[in-house]
Amino acid sequence: MGASLAPGEVRVLWINLARSPDRARWMRSHLAARAVAAERVEALDGSAPLPDAVVERYRRYRPGLTASATPTDGCALSHLAVLERASESPGWTVVLEDDARLAPHFDRALRRALGEVPPDAVLLWLHRSSGVVGRGRWR
């Protein structure tokens, strides 16, 4: 992630629908221009029927979830899936959507924000205009 952060110090995941290859190409180019190493995570598409395994896995978070979900459900479930994935690895994970616009100094802003995080925090919310806009505990 640029010269300021050690390789592997922060994992970056970005969410993208398989039916949006133009957005994926743009995001790969944008991340490369910012020297950010990142991994694409395929989003769950709520405009298509959800697989039974997905419905069963996430019904505990979304009671009443069925295979005929909405695009909003798909978005929410994609974020849940990526948060679960992030929780399986030590250290911090940055989660981006495929339309995120990173500032040229993203690595410095992230390092500064991480330096202000309390030791027991598990969630840090970054925002384009103010840096840190929220901190919390994800359970």
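A salt bridge is a side-chain nitrogen of Lys or Arg within 4 Å of a carboxyl oxygen of Asp or Glu. In this predicted model, the count of such pairs comes to ten. Arg11, Glu39 and Arg85 are linked in a network of salt bridges, and these residues offer a way into the fold.

Take the pair of Glu39 and Arg85 to begin with. Their closest N and O atoms are 2.2 Å apart. Glu39 belongs to strand β2 and Arg85 to helix α3, so the salt bridge ties together parts that are 46 residues apart in sequence. Glu39 counts as partly exposed because its relative accessibility is 31%. Arg85 is also partly exposed, with a relative accessible area of 28%. The remaining member of the network, Arg11, stands opposite Thr93 in β3.

The strands named here belong to an open sheet of three strands, ordered β2-β1-β3 with parallel pairing. β2 (39–42) and β3 are the edge strands, each pairing on one side only. On average, neighbouring strands of the sheet are turned by 30 degrees against each other, direction ignored. The parallel strands β1 and β3 are joined by six bridges.

Two helices can be placed against this sheet. Helix α1 packs on the sheet and touches β1, β2 and β3, its direction making about 155 degrees with that of β1. Helix α3 lies across β1, β2 and β3 and runs at about 160 degrees to β1.

What lies between these elements? In soluble globular proteins, nonpolar side chains tend to be buried together. Here the largest nonpolar core has 18 residues, and Leu31, Val94 and Leu96 have the most contacts inside it. At least two residues of this core come from each of β1 (10–16), α1 (21–33), β3 (92–97) and α4 (106–115). Helix α4 gives the most, with four residues. A second, separate core has eight residues, including Val54, Leu65, Ala69 and Leu77. Returning to Val94, and not counting residues up to four places away in sequence, its contacts are Val10, Arg11, Val12, Leu13, Phe106 and Leu110. Arg11, part of the salt-bridge network, is thus among the residues that Val94 touches.

Helix α3 (residues 71–87) also holds Ser78. Is Ser78 buried or exposed? With a relative accessibility of 6%, Ser78 counts as buried, because the limit for buried is under 20%. A polar atom of the Ser78 side chain lies 2.7 Å from the backbone nitrogen of Leu44. Leaving aside neighbours within four places in sequence, Ser78 is in contact with Ile15, Ala43 and Leu44.

Another salt bridge involves α3: the side chains of Asp73 and Arg62 meet at 2.7 Å, N to O. Asp73 is in helix α3, while Arg62 is in the loop between α2 (52–58) and α3, so this pair ties together parts that are eleven residues apart in sequence. The partners are placed in different accessibility classes: Asp73 counts as buried at 8% relative accessibility, whereas Arg62 is partly exposed at 40%.

Glu56 and Arg59 form a further salt bridge, with the closest N and O atoms 2.9 Å apart. Glu56 is exposed, with a relative accessible area of 53%, and Arg59 is partly exposed, with 33%.

Terms used: Residues numbered from 1 in each chain as written. Predicted model: local features only at pLDDT ≥ 70, side-chain atom pairs only at ≥ 80, totals over all residues. Heavy atoms only, no water. Buried < 20%, exposed > 50% of the residue type's maximum accessible area, 1.4 Å probe, protein only. Polar contact = N/O pair within 3.5 Å; in protein donor to acceptor, adjacent residues only side chain to side chain. Contact = heavy atoms within 4.5 Å. Core = buried A, V, L, I, M, F, W, Y, C linked by side-chain atoms within 4.5 Å. Pairing = 2+ DSSP bridges. Axes fitted to C-alpha atoms, helices over the stretch in contact; angles between N-to-C directions.
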